[in-house]
Amino acid sequence: MQTTTPNALPWYREPWPWLLMAGPAAVVVAGFATLWLAVSSNDGLVADDYYKRGLAINRTLDRDATAARDGYSASAKFDFQSRKVELALSANTAVPLPETLTLRILHPTRAGQDQLVLLRRSAAGDYAGVSGPLTDGRRLLQLEDIEGNWRISGTFVFPSEQAVAMKSTTAR
C-alpha cells in the first residue's frame, strides 16, 4: 500500500509564521514611532530654569499683594476678528495710572503659544493693543505695569468668551 503525502509548501508560503511575526514587528514599528515623537517634540511642561523660577516666587507674590492693596482691577474685551484688545483699568490709589501696560496671554501647557501684548493708554483713559492669532482653548491672562510693580490675573476661554474681568489673586 502506497501513501501519498500532500505537497508541502515552503515556510514563507504558510500563513502561520507571518501571523506569529506580525506581533513583534508591530511592537518594533511602534517603538520607532515613539522614539521619533520623543526626539522631535518639545515638552512644554518642563521648565529649563525651574530653580530661578522658584527663587522668583516671592517677588511674584509681592506684586500680587501690591495689586490687592492698591485695589487694581481691569476688564478686557477681545475682538477676535481684528485681534484688538481693549482694557479698562481702575485702582483705589491716588497714584496715576501708567501709560503702558503689558498683557500676557498664556496657554496653560504650551509655552510656545504664549503672547505678550503691549497696551497703550488712549486719550479717553482706556488701553488698547493688538494680539497675535489665538488657538481655541483656555487662556490665563496676566496684566502688569512696565516696571513690574503689580500684577493682576484672569482667565478666559477662546473663542466663546469675549470679555474678562481681572483682579489680584492675593488678598491681604
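**Entry 1: backbone geometry**

I began with P159, which lies in the loop between strand 7 (151–158) and strand 8 (163–167). The model I consulted is predicted. I looked up the peptide bond from F158 to P159 and recorded it as cis, with omega near 0 degrees. I then turned to R83, in the loop between strand 1 (73–79) and strand 2 (84–90). For R83 I noted a phi near 65 degrees, a positive value in a residue other than glycine. I flagged both items because most residues other than glycine have a negative phi, and most peptide bonds are trans. I entered R83 as partly exposed, because its relative accessibility is 37%. A positive phi of about 70 degrees also appears at G71, just after helix 3.

**Entry 2: helix 3**

I checked the length of helix 3, residues 57–70. Its 14 residues should span 20 Å at 1.5 Å a residue, and I found the end C-alpha atoms 20 Å apart, so the two values agree. I listed the buried residues of this helix as T60, R63, D64, A65, T66, A67 and D70. I asked what covers them, and the cover includes strand 6 (137–145) and strand 7.

**Entry 3: salt bridges**

I counted five salt bridges. One of them joins the side chains of R63 and E144, at 3.0 Å from N to O. I placed R63 in helix 3 and E144 in strand 6, so that the pair links distant parts of the chain, 81 residues apart. Both R63 and E144 are buried.

I next examined D64 and R151, whose side chains meet in a salt bridge, again noted as 3.0 Å from N to O. Because D64 lies in helix 3 and R151 in strand 7, this pair ties together parts that are 87 residues apart in sequence. I recorded both D64 and R151 as buried.

I also looked up D70, which forms a salt bridge with R69; their closest N and O atoms are 3.4 Å apart. D70 counts as buried because its relative accessibility is 17%, whereas R69, at 61%, counts as exposed. Finally, I traced shared partners and found that salt bridges join R63, R104 and E144 into one network.

**Entry 4: S153 in strand 7**

I located S153 in strand 7. Its relative accessibility is 17%, so I entered S153 as buried. Leaving out residues up to four places away in sequence, I found that S153 touches L141, Q142, A165, M166, K167 and T169.

**Entry 5: aromatic residues and the surface patch**

I found four aromatic pairs in the structure. For W11 and Y12, the ring centres are 6.0 Å apart and the planes stand at 85 degrees, so I classed the pair as edge-to-face. W11 also pairs with W18, and I recorded this pair as stacked, with 6.1 Å centre to centre and 25 degrees between the planes. W11, Y12 and W18 thus belong to one aromatic cluster.

I then checked exposure. W11 counts as exposed at 54% relative accessibility. Y12, which lies in the segment before helix 1 (15–40), is partly exposed at 47%. W18 is likewise partly exposed, with a relative accessible area of 48%. My last note is that W11, Y12, W18 and M21 form a nonpolar patch on the surface, with about 500 Å² of accessible area together.

Methods
Residues are numbered from 1 along each chain as its sequence is written. This is a predicted model: local features need pLDDT of at least 70, side-chain atom pairs count only at pLDDT 80 or more; totals for chains, interfaces and linings use all residues. Side-chain values use heavy atoms; hydrogens and water are left out. Patches are made of residues with over 30% relative accessible area and no salt bridge: like charges are joined within 9 Å, nonpolar side chains (Val, Leu, Ile, Met, Phe, Trp, Tyr) within 5 Å. Accessible areas come from the Shrake-Rupley method with a 1.4 Å probe; for residues, only the protein chains shown count as cover. A salt bridge is a side-chain nitrogen of Lys or Arg within 4 Å of a carboxyl oxygen of Asp or Glu. Helices (H or I, at least four residues) and strands (E, at least two) are DSSP runs, numbered from the N terminus. Buried means under 20% relative accessible area, exposed over 50%, partly exposed in between (1.4 Å probe, protein chains only). Rings of Phe, Tyr and Trp (its six-membered ring) pair if their centres lie within 6.5 Å; planes under 30 degrees apart count as stacked, over 60 as edge-to-face and the rest as tilted. The expected span of a helix is 1.5 Å times one less than its number of residues. Contact means heavy atoms within 4.5 Å.
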